[in-house]
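Hi,

Here is the structure I promised to send over. Have a look at it first, and then read my notes underneath.

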Amino acid sequence: MKKTFELDFRGRKLVVEHGQLAKQASGSVLVRYGDTVVLSAAVVSKTANLLSDFFPLMVLYQEKLYSVGKIPGGFIKREGRPTENATLAARMIDRPMRPLFPEDFKNEVQIVNTVLSVDPNNSPEMTALFASSLAVSISKIPFNGPIASVKVGRVNGELVINPTNEEAELSDIDLTVAGTKEAINMVESSAKQVSEDEMLEALMFGHEAIKELIEFEEKIISEIGEEKMEYEKLEISNELKEEVTCLVKEPLDKALRIKDKLEKYGKIDEIKDSLVEKYTKENENLKDVELKELITKVVLIFEDIKYQTFRKIVVIEKTRADGRGMKEIRPLSTDIDILPRTHGSALFTRGETQSLSVTTLGALGEHQILDGLDLESEKRFMLHYNFPQFSVGETGRYGAPGRREVGHGALGEKALLQVIPSEEEFPYTIRVVSEILESNGSSSQASICAGCMSLMAAGVPIKAPVAGIAMGLITADDEYTILTDIQGLEDHLGDMDFKVAGTKDGICALQMDIKIAGITKQILKEALYQAKEARMQILDVITDTIKEPRDEVSQYAPKTMTFKINPEKIKDVIGKGGEMITKIILESSNVKAVNDINAVKVDLEEDGTVIIYHTDKNVIEETANRIKDVIKEVEPDVIYTGKVVKVEDFGCFVELWPGTEGLVHVSQLDTKRVEKPSDIVKVGDEILVKSLGYDKKGRLNLSRKEVIK
C-alpha cells in the first residue's frame with residue numbers, strides 16, 4: 001500500500017513515497033524534491049562473510065539522461081560507465097553512511113540510487129543521500145542513522161540552504177555538509193578564499209537544517225520502519241584475546257614508534273606473520289574452515305591491539321610515531337622546471353609523500369565535453385590525479401582511474417579552480433596532472449601544492465598561491481588530539497581525515513571524513529585554525545621557490561592573440577564548407593593538413609571573438625592579418641592593388657586580398673575598346689583598380705580604366 005509523507009523544507013516541498021515501487025528490495029523510497037525525483041533501493045545479502053576484513057557496502061548513483069531530456073552521445077546511445085559526477089555523488093553518499101553500520105556487521109549491502117527526473121535548482125545528489133539514508137533506515141538492515149545532508153551557499157553575505165543555480169552563481173561558498181542529529185560527519189566544500197570563522201558558521205548553519213530533515217526521517221521510520229535483523233557475528237573468547245595480547249602488545253608498541261615508514265610497516269607485518277604462523281602450526285589438526293576462522297580471529301585481535309596501542313601513544317603519551325610534535329609538519333622540499341619540454345612542472349615533497357605535477361596549456365576548443373545531468377556542458381580547467389602502486393612500494397592494479405583517484409583529483413581541482421583566471425584574462429584550456437611518486441598520507445594535498453607551483457611555472461596568472469594540509473583526530477575515551485599533516489598510519493588508525501586548502505587570505509576547499517559518529521563544533525574550530533597555521537608555513541616554502549606566476553608562457557606552449565570582428569563576418573571567415581578558414585590555416589602555418597601538430601589553431605566565438613594559438617608569434621600575426629583581410633570592407637571610389645586570378649571573354653576577376661575579389665568588366669579594362677581581355681591582362685598580373693561598389697546582387701565591380709585615365 002502506497003504511503004506519502006510531505007515536508008515543507010525551507011520553502012520547497014519534499015515528498016517521500018513508499019510501498020508502490022521496488023517492493024522486493026529490503027528497503028526502498030521514491031523521493032521528490034521539487035521536480036527532482038530519485039528512487040533509492042537498499043538490499044542486504046542473506047549470509048555474511050564473517051572472515052572478511054572489510055564491510056562489503058556498495059553505493060551506486062545512476063544518472064539517467066532521460067531525467068534531463070537528453071539522448072546519450074556516441075554510437076551506442078545508452079548510458080555507459082559512470083560519469084565523474086556520478087562517481088563523486090556515490091562517494092559522497094558512501095562516506096557519511098559507512099561509519100554508521102555496526103563494526104561486526106559483514107552482510108553485503110547495496111544501495112542503488114536511480115535519478116529519474118532532475119530539476120537543476122533541486123540537487124539530485126542531496127536528494128539521493130536523503131533517500132539512501134531513509135531506504136536503509138526503514139529496512140531490516142542494522143544502521144545507526146538516520147543521516148541527511150544539505151548544500152550551503154552564501155549570497156551577498158547571507159547563508160542559504162540548497163541554493164538555486166542562480167544563487168550558486170553568486171555564492172562565494174559551495175558547501176555540502178552531512179551528519180546525524182547529534183553531529184557533522186562529512187564535509188565537502190569549495191570557497192572563494194573565505195575565513196575559518198565564516199566557514200565554521202556555514203557548517204553549523206548547515207547542521208541546523210540537517211536536524212530538520214532527520215526529524216522528518218524519524219517520523220517516517222517510526223511509522224513504516226521494520227525491525228532490525230539479527231545477524232551473524234564472529235565470537236572471540238576472552239581467553240584468546242588475552243593470549244594474543246600477551247604475545248604482541250610489547251613488540252607492537254616498539255614497532256609503532258619506528259620513524260621510517262617502510263621499516264615500521266615491515267616490522268608490523270613481521271609480527272603479524274609470526275603470529276599467524278604460530279597459530280597455524282599449533283592447530284594443524286583443525287579442519288581448513290576451522291583453521292581459517294581461528295586465524296581470522298587472531299588477526300582481528302592483532303589489529304585491535306595495534307589500534308588501541310597507537311591511540312595510547314598519541315593521546316595519552318602525546319607522542320607521534322615519527323617523533324614530531326602534534327602541530328609539526330614533516331620536512332618540505334620543492335622544485336620547479338623538472339621537465340624541459342612541458343609547459344610547466346613542479347615537484348612537491350612532504351616527508352614520504354611526493355607529487356610531480358605538470359601543467360599543459362591548450363586552445364579553448366580543447367575543453368572537456370561533459371555528457372551528464374548538469375547544465376555545465378564543458379570544463380576549461382582540469383586536475384587529474386594518478387596513484388601508481390609503486391608509490392607505496394607495492395604491486396597492484398593498473399587501468400582506468402578508480403573512485404579514489406577521481407575523488408582526490410576533484411578535490412584538488414576545486415581548490416585550484418578558485419584562483420584560476422577567467423577566459424578573458426587567460427584564453428586557454430588548462431590541464432594539471434599530479435603523478436604521485438611516493439605516498440605516506442595526504443597525497444591529495446601534495447597534489448594541490450605541486451599543482452599550484454606548476455601553474456605558476458607555466459605562466460598561468462593565478463590570483464594567489466594555494467597550499468593544502470591534512471589534519472587528523474585521535475580520540476581515547478573523553479580525550480582527543482588533533483594532528484597536523486597526518487601520515488598514512490595516522491589516517492588509517494585515526495578518527496578523522498580533515499583536508500583544508502587555501503591561500504593566505506582564506507579557504508578554497510575543504511573535505512572531511514570521519515570514522516566515528518560525528519565531531520563537535522569545538523573540534524572543527526580547532527582543526528580549522530591548526531590547519532591555517534600549517535598552511536601559512538607551506539605557502540612560505542612554495543613562494544620561496546616561485547614567488548609569482550611567470551610573465552610569459554613556455555616557449556613550447558601556444559601563444560595567443562585575441563581580437564573582435566563583426567559577428568556577421570564569421571561566416572565569411574569560415575567560408576563555404578570551411579574552405580576559407582582551412583586555406584588560412586594551411587597557408588599561414590605552411591602545413592598540408594589542419595590537424596598537423598604545427599598547424600595554427602583558430603577559435604571563433606559567437607560574439608565575434610577570435611582567438612589564435614601557435615608557438616610562433618609570426619604565424620599568429622600572419623593568421624590574424626589573413627582573417628582581417630577576409631573581413632575588410634571594400635570602400636567605393638578607392639584605388640587598390642589587386643592580383644588577376646581569372647580571365648574570361650567578358651573581363652577578368654581581381655583578388656584584392658584573400659576572400660575578396662571583384663570583376664573588371666571588359667568595358668572597364670582600358671580607355672580604348674578591348675576585343676579580348678587576355679590581350680590586356682593575364683593570370684598573376686598585379687594591377688591597380690578602382691572600386692565601383694557593389695551591384696544589387698552583392699557583386700563587387702572594379703575598374704582599371706578609371707585608374708589610367
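Below is what I found, going from the sheet and its helices to the rings and then to a hairpin. Please keep in mind that this is a predicted model.

**The open sheet**

Let's start with the sheet of 8 strands. It is open, its pairing is antiparallel, and the strand order reads 8-7-9-10-21-20-18-19. Which strands stand at the edges? They are strand 8 (158-161) and strand 19 (479-484). Each of these has a single partner strand, so one side of each is left without a neighbour in the sheet. On average, neighbouring strands here are turned by 15° against each other, ignoring direction.

For one pairing inside this order, look at strand 20 (residues 496-502) and strand 21 (residues 507-514), which are joined in the antiparallel sense by 7 bridges. If you want a residue to click on, Phe-498 has Met-512 in strand 21 as its bridge partner.

Two helices lie across strands of this set. Helix 2 crosses strand 7 and strand 9 (173-179), and runs at about 155° to strand 7. Helix 4 (residues 196-224) lies across strand 7, strand 8, strand 9, strand 10 (184-194) and strand 21, with an angle of about 140° to strand 7.

**Helix 8**

Is helix 8 mostly buried or exposed? Of its 15 residues, 11 are buried, so the helix is largely enclosed by the rest of the structure. Among the buried ones are Glu-405, His-408 and Glu-413, along with Gly-407, Gly-409 and Gly-412. The helix covers residues 403-417 and reaches 21 Å from its first C-alpha to its last, close to the 21 Å expected at 1.5 Å a residue.

**Aromatic rings**

Searching the whole structure turned up 10 aromatic pairs. Take Phe-101 and Phe-143: the ring centres are 4.9 Å apart and the planes meet at 50°, so this pair counts as tilted. Phe-101 comes from the loop between helix 1 (84-97) and strand 6 (107-117), while Phe-143 comes from the loop between helix 2 (124-137) and strand 7 (148-155), so the pair ties together parts that are 42 residues apart in sequence. Phe-101 is buried, at 4% relative accessibility, and Phe-143 is buried too, at 10%. Ring pairs also link both of them with Phe-55, Phe-105 and Tyr-231 into a cluster.

Phe-650 and Phe-653 make an edge-to-face pair, with 6.2 Å from centre to centre and 90° between the planes. Here Phe-650 is partly exposed, with a relative accessible area of 40%, and Phe-653 is partly exposed at 23%.

Two lysines are worth a click as well. Lys-628 has its charged end over the ring of Phe-563, 4.8 Å from the centre. Lys-632 lies over the face of Trp-657, at 4.1 Å from the ring centre.

**The hairpin of strands 26 and 27**

Last stop: strand 26 (residues 651-657) pairs with strand 27 (residues 660-665) in the antiparallel sense, over 6 bridges. Glu-655 has Glu-661 in strand 27 as its bridge partner. What sits between the two strands? There are 2 residues, and Gly-659 in this hairpin takes a positive phi near 90°.

Strand 27 is also joined by 2 bridges to strand 29 (residues 700-703), and these two run parallel. There, Val-664 stands opposite Leu-702 of strand 29.

Cheers

Definitions and conventions. Residues numbered from 1 in each chain as written. Predicted model: local features only at pLDDT ≥ 70, side-chain atom pairs only at ≥ 80, totals over all residues. Heavy atoms only, no water. Pairing = 2+ DSSP bridges. Helix = DSSP H or I, 4+ residues; strand = E, 2+ residues; numbered from the N terminus. Expected span 1.5 Å × (residues − 1). Buried < 20%, exposed > 50% of the residue type's maximum accessible area, 1.4 Å probe, protein only. Phe/Tyr/Trp six-rings, centres within 6.5 Å; stacked < 30°, edge-to-face > 60°. Lys NZ or Arg CZ within 6 Å of the ring centre and 35° of its normal. Axes fitted to C-alpha atoms, helices over the stretch in contact; angles between N-to-C directions. Contact = heavy atoms within 4.5 Å.
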